[in-house]
Amino acid sequence: MYEKLIMNVILHIFSNSIRDHLITLAKEKEALLAILRQRESTGEYQYIQLEEESLDKIEAVLRQYEKNLIALQYSGHAGEQSLLVRDLEVNSEGIALQLKDSAQKYVLKLVVLNGCCTGGLAEKLIAYGVPAVISTSSPVFDESATIFSIHFWRNLITYNLNIERSFWKAIGPAQTRTRVQLDPSVWKLWGEKDAIRINPIHFIEAQSIRDDFTPNGILFPALYREYLRVGNEHVTHSRDGTKGERMAAMLNSIPHPMSSHLQKLFSPLEASPEKYDQVSIKRLEQIGQLYQNTSEFCFYIMVAQLWEIMLEFPSVKCEISPAIRELLWSFLSMKTEPRETFDFIPMMKTLLNTIKDLNENDQYKAFIDKQIIYKDFLRLPDEFYAACAYLMPLRIHTYEEVITEINLQFLCKDAEQHLLQFLKPLSFMHRYKLTSIQNINVIKLRHTKHAYTRYKHKMTFLMNAKGGEESSFYYMKSYIDTWSVILIKDEKRRKAQTIEEPTFVTMFVDFLNLSPFVIDQNIYSKNTTLSDIMFFRGFFPEAIGYKRVSNTLDKKDIQVLPIEDNISPLTKQFKNFKKIVLGNRP
């Protein structure tokens, strides 16, 4: 049986055109090579790519592997009755006839025709006995076809979904890359239920994967080294400590929305039955949740940054495109459930590029140049975004509970490698303090001069896995935004110069206000001493919905805060956001 599986062949034919060049075809070829080579190395199948080959070469390969060709994909220009090979129109009837023997010997299980208007050829292939065929019924944009192909094969190979599920879960991402709205029926899946509800690519878990993979075996040491490299003070001081001490030092220097879920991967509570630190579906769910939390947090940082610029320069309103406003409005008005699998990274990147474009204007350049965190995000490498493209489908599949136990060891190893690729570039986050401003008091004694008036800020730091337990008091000459969750970017403190001053006086705090998208419920409820950080989850009748960042795996844990006096600041902030950023949306 093992020898038979080794002989299975998956063939992808890529054919571009000199006259009408497909820009993203090379991207598709590279991505599919990465996806399919992973399991090819375990001996499950042979993966072959043909690029810009002659018709004679393609026909020779089809003859050579007619007894063990289990799946074929064509990517390139096509029509109802033809495929384009080196700008030569090839009659699709001939291709169908060459695949007929493989189909009728029950070898060929799947053909994907990733080109425009391929329904005619699909119909012939089904008639000749191919069990499952994917085709298109109209022209498809180059980028959409590429994204569909990548997601389909990742679903089939990496996540072990059946053909039908792989198909439908690739439609959505493909739709988002179109310049105009496409009818979902552009893509069509042909075949009987029994044929499309299987995965034709048999999975064999290689012994080498079982032997060389231990959860966190690579993730923790590599992240720890990265935080040492970037000069994290907590991590540097922990170098001679135990593994637990080093782990705690790193987690306590990362913002709570990230560290709370990373901690579960490293060392779940002993009383917890989930076993997040073992090979399991729960571990994959936690990796997906960590990615979702972190990407949502990054998105809110960019939203806050753009809002800050628009508050500083009202004229920026005229330079924000209607498309950006529509994008933000669609997010703001989204229902609760879709937010759990919403892809925040493309929106974050769009806002980042918008700020970058504004920075070209001399009127705003001096102010934007001071926004340090914006520059940190601007330096995120391509590898970061490649990891996002892997982790987003993982989040969707784990949230929808479609992952099976079949290739769990392989998936856990693969997911951990991509998580590391995602988290390492975000190591700059340790330089910023996520803080909850819970109270501000005016300190002015009757015998002191007004010049010595100080504003005493109670700040709870949210830089650990548990949430805000550590509070400090900042004495300042002026006050900063109250009842808010802020990201402190820079601060300057000095010792007291007179007996009338507190021991330390904070002279300057540069910060970014993340509220009302990120809040500390403790500020509004006053019923606990522990901070309770939440992300925005939508508007309800006479209420605003939020969800705890530490408990986001619970789908029902939505906190609906009635619009009353104690949360009126949130309502006012949303109204201002709609007015300033969205252009007076209702």
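Select cysteine 298 to begin: this residue is buried, with a relative accessible area of 0%, where buried means under 20% relative accessible area, exposed over 50% and partly exposed in between, for a 1.4 Å probe and protein chains only. The model is a predicted one, in which local features need pLDDT of at least 70 and side-chain atom pairs count only at pLDDT 80 or more, while totals for chains, interfaces and linings use all residues. Residues are numbered from 1 along each chain as its sequence is written, and side-chain values use heavy atoms, with hydrogens and water left out.

**The two cysteines**

Add cysteine 388 to the selection, which also counts as buried, at 4% relative accessibility. Why is the sulfur of cysteine 298 not bonded to the closest cysteine sulfur, in cysteine 388? The sulfur of cysteine 298 lies 8.3 Å from that of cysteine 388, which is too far for a bond. The structure as a whole holds zero disulfides, a disulfide being a pair of cysteine sulfur atoms within 2.5 Å.

**Phenylalanine 377 and the cores**

Next select phenylalanine 377, which touches Cys298, Ile301, Met302, Met348, Leu352, Tyr385, Phe428 and Met429 when residues up to four places away in sequence are not counted; contact here means heavy atoms within 4.5 Å. Phe377 and Leu262 are the residues with the most contacts inside the largest nonpolar core, which has 107 residues. A nonpolar core is a set of buried Ala, Val, Leu, Ile, Met, Phe, Trp, Tyr and Cys residues joined through side-chain atoms within 4.5 Å. To see the element that gives the most to this core, colour helix α14 (residues 281-312), which supplies 16 residues; helices (H or I, at least four residues) and strands (E, at least two) are DSSP runs, numbered from the N terminus. Another core lies apart from this one and has 33 residues, among them Phe14, Leu25, Ile70 and Val107.

**The cavities**

How many cavities of 30 Å³ or more are there? The count comes to two. On a 1 Å grid over the protein atoms alone, a cavity is a set of points where a 1.4 Å probe fits but cannot get out, and lining residues have an atom within 4 Å of a point. Grid points are joined across faces, edges and corners, and a volume is the space filled by probe spheres set on the points.

For the largest cavity, which holds about 110 Å³ of space, select Ile13, Ile58, Tyr74, Leu83 and Ile95, the residues nearest its centre among the 14 that line it. At least two lining residues come from each of α3 (55-64), β3 (69-76), β4 (82-85), α4 (92-104) and β6 (110-114), and the largest share, three residues, comes from α3. The lining divides into 14 nonpolar residues, no polar and no charged, where Ala, Val, Leu, Ile, Met, Phe, Trp, Tyr, Cys and Pro count as nonpolar, Asp, Glu, Lys and Arg as charged, and the others, Gly among them, as polar.

Move to the second largest cavity, with about 40 Å³ of space, by selecting Leu223, Tyr227, Ile254, Met258, Leu262, Leu290 and Leu423, which line it. The elements giving two or more residues to this lining are α10 (219-229) and α13 (256-266), and the lining consists of seven nonpolar residues, with no polar and no charged ones.

**Helix α10**

Stay with α10 and show its buried residues, which are Leu219, Phe220, Ala222, Leu223, Tyr224, Glu226 and Tyr227. Which elements do the buried residues of α10 pack against? They pack against α11 (233-237), α12 (243-251), α13, α14 and α20 (408-423). Just after α10, look at glycine 231, which takes a positive phi of about 80°.

**Two further stops**

Threonine 136 is found in strand β7 (residues 132-136) and is buried, with a relative accessible area of 2%. Leaving aside its neighbours within four places in sequence, threonine 136 is in contact with Leu113, Gly115, Cys116, Cys117, Thr118, Gly119, Val186 and Trp187.

Finally, go to serine 315 in the loop between α14 and α15 (322-332). Is serine 315 buried or partly exposed? Serine 315 is partly exposed, with a relative accessible area of 29%. With residues up to four places away in sequence not counted, serine 315 touches Gln363 and Tyr364; from serine 315 to tyrosine 364 the separation is 49 residues in sequence and 9.9 Å in space, C-alpha to C-alpha.

Conventions: On a 1 Å grid over the protein atoms alone, a cavity is a set of points where a 1.4 Å probe fits but cannot get out, and a pocket is an open set with protein on both sides within 12 Å along at least five of seven lines; lining residues have an atom within 4 Å of a point.
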